[in-house]
Structures are given as structure tokens and as C-alpha cells.
Amino acid sequence: MGGDSRSPAHERLFEAAAIARDSRGSIVNFFRRILLSEYFILYLTIFYFLSMAAIFPDLATPRNISNQLSNVWPLLAVATGQTLVIIILGIDLSQGAIMGFASVAGGFVMATAADPNLLGGSPLWGTVLTEGGGWLAGRSGSVLIGVGLMLVVGGLVGLINGYFIARFRMPAFMVTLVSLMLFSSAGIWLTQSQNIVNLPPEFTQLGSGDLVSFYFGEKVEATIKRRDILSFLTYPMVIALALAVAVEIMLRFSVLGRYIYAIGMNAKTAAISGVPVRRVIMVVFVLSGLCAAVASILYSARLGGGRPTIGAGAALLDIIGATVIGGTSLSGGRGKIVWTLIGVVFFVLLGNTLNYMGLSAFYIDVVKGGIILAAAALDVARNQLLAGQAA
Amino acid sequence: MKRMMPWSCGGLALAGLAVLAAMPAEAAGKKVCYAFQDLSTGFWGAGHAAIVDTLKKNGVEVVELNGGKDANRQLEQVKDCIAQGADGIILTADDGDSETMLVALAQEADVPIATFNRPPSDLSKGIIVVADNESVARQAVEAMIVQAEAKFKKTGKKLHPLILVGDLADPNAVKRREGFMNALKSHADLFETPVEINTKWNSQVALAGLEAAVTADPNIDFIFTSSDFLFPTIQGVLEPRGKWKKSGDDNHVILGGLDGDDGACKLIREGYVDSTGVQDVYLEAKLALDSIQDAIAKGEARPNGVKLDPGFALSQANYAEKGPTTWGCMVLDAKK
């Protein structure tokens, strides 16, 4: 059959086939673009949220979303610091210990009363801590000084980590592991494994206080129940977002930010190019310690106590997991705070949806691990595609 | 720590359901969250099985929340639970301060809450189901003292007692220590000053402390553990020293514990352990479940009150009488 002898019917058939081919191609291209986008985890999170919300409609209620957001902020604060460390090809295992130690330090300053039966065995009992409370109990400015001390503790531990890593070229894994052991044990020793409760309300407000809250529905009773008032703008949100935005701006627009990426890509080349590698490494670990201290403030305030075990257990896995799932590369040189925010949201959403599934406690962590593995595998596939494209 | 095996969970569930079968079902169709701190001992495993299976059997939707001994994680889980519109919460937190905070959080949101076995520091808020730990520990130690008196008569030498203390942030651990000390105080002529080993409810910490204590004083011959899950740890320390012997043997170390779990029951049957204080896990589960279901049925948002499990001591002497009503022995028999 010659090309010129096609009937109008054949022409229409060819046109339809071409359109189908084009639309198939555009669908493939659409998914390819999503898969290769640097915001892939964001799209995955949205897809996961929508799928789960179709099955569990309560997931999308304002009450649940408001509650989930409140769980995002402390984790974002600490993961922000971890992101910086991972970008320079390091890891900070001491963040959990810093959180616990800073929490205890704040408690020793701010507590308004202490139980001698529980804390009487503390080596600081009778000097820093008494039945009347902490060192500055009830005095004006105690919260400010307590918060300041928590930040100083975080920064100092970070400085110690950074000094040993930069000055002696010790592996970050080893140095921060030692810090983890040292400072978590010190916190437990100082409190004899007790919590320092009775923190002032001005401090606990930082963990859960609302700046703007809202209420849906008619006001049919004289008072609105607390459970019906939904938090929107909270202290933890403002603090964590301010920290995250400041660090993101520093990474994107400052010389220090460019140095950090350069060290992560190749420290030797960066040094030859004039980057003060040692100083930058120390600054990054100080920032990581400060971020952990900010998280400690938020966690201690929401839990209402100076707790040596804040940040113990699986907390470090959540911090590193959320950072890496967000897209920050364990190979260094690549990462953004906004990616970490997405990773944190994914982690929090995952925990929330697992609660909705009504799974037995024996299986929940298995399912959680499986979903994280699937997300990580997709991310690896995406990176390989990207690498192939670049080649 | 001892971990629950799947087959033992089945046994626990069967034994628990048999005891709780007569529960009322006023809360059918409601949602109840059970937030616990872990399932690492037989007691918590049995409590979990009894609570979850009974609620499901009564047509209640159960949301299981394992805090993994992380106070912040458990706080987020309880907040999730409230946000999901749960009708009630049964809670076991890691320490009394966390219990107090979480009870206050639930009550502020008008969700009825009952604490299971581990009491908050503030006993005035929430339904608090707890064993009379001081009394149960004292009864168990008094049963051990009967053996100690016989040994003292035989040897004329004071005994060297040791207590494995739990985590002192846990009010249960504090009360059990008190019970031990009170029992010894009334027989001061029989004992040297007791050695205290802080375990933090961690078998590794307990092992290290016990090894050090037994090495420092090889004459220790009277050991009380604040929880039965540490008996395998004690065995691991005593056996290599030739002191893991049955009652009646000259090298027998008088042993007692608290919980009344299947491991302790087996060791009492075999003659290695002299007594254990039994907290009735099924009674406590029933008290917590009844309280929550009542509160839901009556529309009570903030029910308060303390429900006490009086407990008892199971010993080699009263095994025939008390064994069949001990939850650990029921679990042990269900495994057969």
C-alpha cells in the first residue's frame, strides 16, 4: 500500500495513534520529571498523605493537622543542625546527648522546687539545687539565663566536637560517639537518673504556647473546650522556623554556606582553594550543638522538665533518618534545610498514619521500617537516574 | 531484658480472656487508645494481651501506642490519640512525672484516662490502677524471712541481704524498696546492713551491679529483686559461683521477687525461688478497663480515683493454695 493512497479513515487512525503516543509520552515525562525533581520526597509525602486521607478521612481534619504540625517543630530544629554536619560529610551522634545535658542544665537553673527524696543524691544537691528549686529559682530573668545556659552548653559541646575533628582529623563518628557517651552519662549522673520538674510556666510556654489559635464551628456554649481550640501559630513553630530559615539563608547566600558545600564536595580541593576548612568544620559542629540545644529547649518545655534522657533511644534515628530521607546526601556536598523540613514532615506523617492503621504494637515498627526502606530505595533509584542523565 | 515470644502472647491472651470474659460491653463502637512504654517483661506482655484482646472482644476499636521508653514519643502518641477523637485512654508511662503530665493533657482535652499499674506522681488526677507495692513487697520478703530464720537457727550467723532496686523515678520501685526495708527492719537481729543495687529496670545494669556486689561480698545469701524479670540475671551470676541451688541445699541463696510472672512461678515450682509478690495483672487490667468503659458510658470526661490491687505473696509454702490464682502460673499452664 503506497503512502499516498491512505484513505481519510486511515489518516484519522494515524492521528489518533500519534495523539495516544504523545499523551503516553507526556505521562511518562510527567512522572519522570517528578521522580527526578529535587522535591521528589515532597511529592511522595503529598501522594502518601492523600492516599492515606482517602482511607482515613480523620487524617485531614484541622485538629489532626494542627497536632501533627506541633510534632514537626522540635525535630526540625535538631535536624537542621544535623543537615549542616552531613553536608560537610560528617555525622553528629552527640545531638541526643546534648539535648539531655542541656535539658538538665536548664532544670538546675530554673526549677522552682525539687524533691530531696528523688534528687537528694545529686552531686549538686545543696549547692545548685535545693528543696527551694534551682540556682535562680523564682528570680527575675531565671528563664532567660536558663535558656541562655542551655544554648551555651549546646554550643560548647559542639565546639569540643568540632575542635577534635578539625584539629586532630579524628573521624566525626568517633568523636561524637564519645561525646554521646560522656554527656548522656554526665546528665544521668548529675540528676541520678531523675527528672527535674517544676519548671516555671514562662519556660514551659515555649514548648506548647499558642500565638494564634482558631476554633471551627458555632459558639453554642459560654466557654469553648480546650480540645476544640486548634493551635496555628505557636512558639515552637516560630522558634524552629526562624532557626531553619536563618540557616537556609546562610547556606544559600553567605560565603560560609559556599564553604560548607565546598568542604562536603571535596575538603582537599576546598583547602587548596583557600577555604579555612578547620574553622568551618568547628563552626558547623557549634551550629549543630546550638540546634540540638534549641530542640532541647522545645522538648524540655513541652515535657515540663529537665530530663537527662531527652534525645536518648531512637531519637537519633529519627533525626538522621528525617535528614537523609529529605534528600541530604550522606556522601556530602548536597542538602538543603527545606529538604530536611520535608523529611521531618514525612517522618511525622508516617508515625501518625501508622496510629490510624490499628496495627498491633508488635508490627508497627516493622511497617514503619518497611515504608522508610521503600522511600529510601525510590530515592536511590532517582539518584541513579540523575547520575545516568548527567553522564 | 526478657522479650515476649509470639507463642507466649497467645497463651497470655487465652489466660487473660478467660479471666476477663465477663466484662460488660458498654463501650462497644468507641475508640480507646492503649499507650504503653514497652512490652519487655512478662507482666507488661500479659497486661497488654489482657487489655487489647478484651477491648477488641467488647467491640471497642483499640489503638495500640508503644512509646518505646521515650517520653517525647509517648507524648506525641497521646496527643495524636486525642486529636483522633479517642473516647478514652489507658496509659502506662515510663515514670511518675510523665504519667502526671499525660493525665493532665488528657483531662484538659476532656478525654477520660486510666493509668495501668504505674501511678502518676500526683495521685489526685485520673483513674489510677496500681498494686499496693509496699504491702506486696513486704509480704514477699516476710515469706523469705521464714527461710532466713531457719538458716539463722542452723548457722547462728546473720544473713547478708541484697536488693535489686528498680528505677527510683518509678513510684512502684520506691514502694517496693520501702516494703523490703520495712520487712527487714522488723527482723534486724537476723540481717547485716542490706546492699542496694540500682538497676534502672535494665538487666545489663543489674548484671553489672550484682556481679560487683557478689564479688565484693561472697557471703550474700538473701536476694530480693524488685521485678521477676531479673531472675535469669540472678541465675547468671549465682550459677557459676555454685550458688544457684534449690531450697534445702546448704548453698541455696534465699530468693524473692515481685510480679508473680510465669518465670517466677516456674522457679518456685522447681524450688530455686522462695517467694514472689504477686500483682494481679488481670485484676488490674479489669479495673482499668471497667473504669474507662464506665466513664465512657456515663459521659464522664475527667474521672478520678485510686483502684488498689492488694496483691499477695506466692511462696513454696502456700503454692498449692495460691498457685492456681497467680497470673504467671496461669500463663505457664496455658503454654503447656
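Let me start at strand S12 of chain B, residues 312–315. Phe312(B) and Leu314(B) point one way from this strand, Ala313(B) and Ser315(B) point the other way, and all are buried. Keep in mind that this is a predicted model. S12(B) is joined to strand S10, residues 275–278 of chain B, by four bridges, and the two strands run antiparallel. If you want one pair to look at, take Gly277(B), whose bridge partner in S12(B) is Ala313(B).

Next, the sheet. Chain B has an open sheet of six strands, in the order S2-S1-S3-S4-S5-S11, with parallel pairing. The edges are S2 and strand S11, residues 305–309, of chain B, and each of these pairs on one side only. Averaged over neighbouring strands of this sheet, the turn of one against the other is 15°, direction ignored.

Look at S1(B), residues 31–36, which is joined to S2(B) by six bridges, the two running parallel. Within that pairing, Cys33(B) has Val63(B) as its bridge partner in S2(B). Helix H2 of chain B, residues 42–57, packs on the sheet and touches S1, S2, strand S3 (88–91) and strand S4 (113–116) of chain B. The direction of H2(B) makes about 175° with that of S1(B). As for burial, S1(B) is mostly covered, with five of its six residues buried.

Now the domains. Chain B is divided into domain 1, which is 6–131 + 280–310, and domain 2, which is 133–278. The centres of domain 1 and domain 2 of chain B, taken over C-alpha atoms, are separated by 30 Å. Their contact takes 11 residues from domain 1 of chain B and 14 residues from domain 2 of chain B. On the domain 1 side, the residues that touch domain 2 of chain B divide into four nonpolar, four polar and three charged.

One residue in chain B is worth a stop: Leu267(B), in helix H9, residues 262–270. Why does Leu267(B) count as buried? Because it has 22 C-beta neighbours inside 10 Å, and 20 are enough for that label. Leaving out residues up to four places away in sequence, Leu267(B) touches Phe231(B), Tyr272(B) and Val273(B). For a distance to check on screen, Leu267(B) and Gln139(B) are 18 Å apart in space, C-alpha to C-alpha, and 128 residues apart in sequence.

Over to chain A. Chain A has 15 helices and two strands. Its C-alpha atoms fill a box of roughly 105 × 70 × 40 Å along the principal axes. Chain A has 391 residues, and 45% of them count as buried. Taking contacts in chain A between residues at least 6 apart in sequence, 77% join residues at least 24 apart.

For a closer view, go to helix H10 of chain A, residues 255–265, where Tyr259(A), Ile260(A), Ala262(A), Ile263(A) and Gly264(A) are buried. What covers the buried residues of H10(A)? The cover includes helix H3 (62–87), helix H9 (235–253), helix H11 (267–272) and H12 of chain A.

How do the two chains meet? In the contact, 30 residues of chain B face 29 residues of chain A. On the chain B side, strand S2 (61–66), helix H3 (71–83) and helix H4 (96–108) each supply at least two residues. H3(B) gives the largest share of that side, nine residues. Sorted by class, the side of chain B that touches chain A has 11 nonpolar, six polar and 13 charged residues.

Last, the core. In soluble globular proteins, nonpolar side chains tend to be buried together. Here the largest nonpolar core has 210 residues, and Leu298(A) and Ile89(B) are those with the most contacts inside it. Helix H12 of chain A, residues 277–303, provides the largest share of this core, 19 residues. Domain 1 and domain 2 of chain B both give residues to the core, so it lies between them. Around Ile89(B), leaving aside neighbours within four places in sequence, the contacts are Cys33(B), Ala35(B), Val78(B), Cys81(B), Ala106(B), Val111(B) and Ile113(B). Cys33(B) brings us back to the sheet, as the residue whose partner in S2(B) is Val63(B).

Note on methods. Residues are numbered from 1 along each chain as its sequence is written. Chains are lettered from A and ligands numbered from 1 in the order in which they are written. This is a predicted model: local features need pLDDT of at least 70, side-chain atom pairs count only at pLDDT 80 or more; totals for chains, interfaces and linings use all residues. A residue is buried if 20 or more other C-beta atoms lie within 10 Å of its own, exposed if 12 or fewer, and partly exposed in between; C-beta atoms are placed from the backbone. Two residues are in contact if their C-beta atoms, placed from the backbone, lie within 7 Å. A nonpolar core is a set of buried Ala, Val, Leu, Ile, Met, Phe, Trp, Tyr and Cys residues joined through C-beta atoms within 7 Å. Domain bounds come from an automatic or database domain assignment. Ala, Val, Leu, Ile, Met, Phe, Trp, Tyr, Cys and Pro count as nonpolar, Asp, Glu, Lys and Arg as charged, and the others, Gly among them, as polar. Two strands pair if DSSP finds at least two bridges between them. Axes are lines fitted to C-alpha atoms, for helices over the stretch in contact, and angles run from 0 to 180 degrees between N-to-C directions.
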